[in-house]
Amino acid sequence: MLLIFSCSKKIRTSHKVSVEYGGIKSTANQPPHQVSSATQDPGPSNTLALPGPGDSKDSQKGGPQNALVVGPTMPSTTPNDTGFQSKSTAVVSASGSSERNLSTSALMERMPSKWPRPVWHAPWKNYRVISGHLGWVRSVAVDPSNTWFCTGSADRTIKIWDLASGVLKLTLTGHIEQVRGLAVSNRHTYMFSAGDDKQVKCWDLEQNKVIRSYHGHLSGVYCLALHPTIDVLLTGGRDSVCRVWDIRSKMQIHALSGHDNTVCSVFTRPTDPQVVTGSHDTTIKMWDLRYGKTMSTLTNHKKSVRAMAQHPKEQAFASASADNIKKFNLPKGEFLHNMLSQQKTIINAMAVNEEGVMVTGGDNGSMWFWDWKSGHNFQQSQTIVQPGSLDSEAGIYACTYDLTGSRLITCEADKTIKMWKEDESATPETHPLNFRPPKDIRRF
């Protein structure tokens, strides 16, 4: 009877120990020769040391902590063996599975990227530098016959140049501040200009003089666009308003108000939304021209939207800001994707041609060329300032393609106009496409 009582007492104490240590089996009840052999054996390095409450007698006696078994372990059968042991084995087996994944990743089947592969484009090179302006060249427009182009400058003049030879044909004076916007009509023999002097002027190119002025802006006028199908002119400026003018009567049809800051970019379309404006308040607004109301506001950008470019064929446009260059669908304005690189500068100008080559010009003189479809940046070039200029004068303020899309004209802070064309000698072998599809598409 005494023997049975002592056995049950032992069982009870061992039960207490196992509960107290959360499933780590105590070696207090082991025979002494087993304990000594366990202490002499060095054992594996990944031992689990758990201090008991108040340093129990078992740990003071020098009983070893149980070694943690690495690898798949059998599920515990004892009701007391719950808690830490099962957790620890789960952690180890998880790390083991990640190691297994690393080793088998080479054997896994690769999923093809859904990102469109960019079209190969020849790199562009500078082939002509035109100097003649006495100030920063701020705006440019190409004649619809593709024989000449005009540039507006901070020297308050508008100069007309021959597109083929780059020879100066004419200088027009009349503005009293820098000329920030230019457009040439394809329906009339008119050219339109806008400047920091709040003036919007209509020039008759048969007489080479101003025939109309459009008064109403309260501050400098930063951008200008002509409607493609009706005789309407749009101007945006520092008064945060895009004004719609009737070309013939000089009347203001609408004042498209809603932006909180300077309207610095605008383009028009034949169908709704007929007017799209970008502003320093970081938003892009689409306008209903009939009622002069906002159709939708795009708030995707975090910085000023200084430049926008409409694709000549597709129903889409791109907008440039210091944070990203984004592509949007038309007419709804759904966000498509970001361009795959960040220029990390203030982008003042952008243009797209029919082949899908988009160019963006930055404040630091960087000129990046992009594939429109995929958003891949296939060329990064840096403009070179003309001799006698400071390096800080490497800034691009305006750019446009000619009507064929094979010549690019940039207007720069070193008072020059530079002309660019594709390198005819380049092939996909000499300039291979270095494209890696993005792993994750940046949404912001």
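**Q343, the nonpolar core and model confidence**

Q343 is buried in this predicted model, with a relative accessible area of 8%.

User: Hi! Which side chains make polar contacts with the side chain of Q343, and at what distances?

Analyst: Happy to help! Q343 sits in the loop between β21 (335–338) and β22. Its neighbours beyond four places in sequence include I325, G361, M367 and W370. For polar contacts, the side chains to look at are those of T360, at 2.6 Å, and S366, at 3.0 Å.

User: Is Q343 buried or exposed by its relative accessible area?

Analyst: The cut-off for buried is under 20% relative accessible area. Q343 has 8%, so Q343 counts as buried.

User: Which strands each supply at least two residues of the largest nonpolar core?

Analyst: That core has 14 residues, and A320, I325, M350, M358, W370 and W372 have the most contacts inside it. Leaving aside neighbours within four places in sequence, A320 touches V305, A307, I325, I347 and M350, among others. The strands asked for are β18 (307–310), β19 (316–320), β22 (347–352) and β24 (366–371).

User: Where does the pLDDT stay under 50, and how many contacts beyond four places in sequence does the model have there?

Analyst: The mean pLDDT of the chain is 83, and 73% of its residues reach 70 or more. Where pLDDT is low, the predicted coordinates should not be read in detail. One such stretch under 50 is residues 1–29, with 30 contacts beyond four places in sequence. Another stretch below 50 is residues 31–99, where the contacts beyond near neighbours in sequence number 47.

Terms used: Residues are numbered from 1 along each chain as its sequence is written. This is a predicted model: local features need pLDDT of at least 70, side-chain atom pairs count only at pLDDT 80 or more; totals for chains, interfaces and linings use all residues. Side-chain values use heavy atoms; hydrogens and water are left out. A nonpolar core is a set of buried Ala, Val, Leu, Ile, Met, Phe, Trp, Tyr and Cys residues joined through side-chain atoms within 4.5 Å. Buried means under 20% relative accessible area, exposed over 50%, partly exposed in between (1.4 Å probe, protein chains only). Helices (H or I, at least four residues) and strands (E, at least two) are DSSP runs, numbered from the N terminus. Contact means heavy atoms within 4.5 Å. pLDDT is the predictor's confidence in each residue, from 0 to 100. A polar contact is a pair of N or O atoms within 3.5 Å; within protein, one must be able to donate a hydrogen and the other to accept it, and residues adjacent in sequence count only if both atoms are side-chain atoms.
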